[in-house]
Amino acid sequence: MKKNFLIILIFLFTFIAPAAATSSKTVMVFGDSLSASYGMPTEAGWVALLTQRLQSKFAGYQIINASISGETTLGGRNRIEQALKTHHPEIVILELGANDGLRGAPIKSIYENLEAIIKICQQNNTLVLLAGMRLPPNYGASYTQKFEAIFPRLAEAYQLKLIPFLLAGFGDKHEFFQTDGIHPNEVAQKKIVENVWEVLQTMFKSEQVAANPNI
């Protein structure tokens, strides 16, 4: 009798436990210092705050932060395939381009690098939530307008959900930035969460309705 009981326990741990461990779905944040908690504790950054929000609203999801301070669209293009293989996300929040813009990189190259990342994600059946960015006006009207237009152009071309501007609501207010005037401070992180959540939650709701039409 005891022997049979042990066999049953071994079966449960072998087949049921691993299934439970892999049941969670992953959202991967793929960005630069704006998403990498630059200049503050990791737990104060918007990705950590978003994790708390997500887990309280939609069970079964985890967030992986694959952001690197200083990252460019080319750097992201070079490492996206490995990141997808490592983390297997259902959704990628793509937050890149700011460093390219601040360096005055060609608009065409920024667009093409982001486009390549999006295509690789879609080829891997991964949804992309694109975060729009803007530049300070001192970069010139022509360049800043073309830069800002990159994100809605890509969203329309590839049918993506778009956060119009990651720093909406405070991007022009100095009190929400660190002393470098570039990176949002801890107070601003909550505002970023709201900007991301406003769009991200619609992706989860759409998924739930698709799974259960009676919702």
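## Lining of the largest pocket

Ala, Val, Leu, Ile, Met, Phe, Trp, Tyr, Cys and Pro count here as nonpolar, Asp, Glu, Lys and Arg as charged, and the others, Gly among them, as polar. By that division, the lining of the largest pocket comprises 12 nonpolar, seven polar and four charged residues. This is a predicted model, in which local features need pLDDT of at least 70 and side-chain atom pairs count only at pLDDT 80 or more, while totals for chains, interfaces and linings use all residues. Residues are numbered from 1 along each chain as its sequence is written, and side-chain values use heavy atoms, with hydrogens and water left out.

Of the 23 lining residues, Arg134, Pro136, Leu167, Gly171 and Phe177 lie nearest the centre of the largest pocket.

## Helix 3 and its bend

Helix 3, a DSSP run (H or I, at least four residues; strands are E, at least two; both numbered from the N terminus), covers residues 73-87 and reaches 19 Å from its first C-alpha to its last, close to the 21 Å expected, the expected span being 1.5 Å times one less than the number of residues. The helix bends by about 45° at Arg79, the bend being the angle between axes fitted to the seven residues ending there and the seven starting there. Just after helix 3, His88 takes a positive phi of about 50°.

## Surroundings of Arg79

Arg79 counts as buried because its relative accessibility is 19%, where buried means under 20% relative accessible area, exposed over 50% and partly exposed in between (1.4 Å probe, protein chains only). Leaving aside residues up to four places away in sequence, Arg79 touches Phe30, Gly31, Ala66, Ser67, Ile68 and Glu71, contact meaning heavy atoms within 4.5 Å.

Definitions and conventions:
On a 1 Å grid over the protein atoms alone, a cavity is a set of points where a 1.4 Å probe fits but cannot get out, and a pocket is an open set with protein on both sides within 12 Å along at least five of seven lines; lining residues have an atom within 4 Å of a point.
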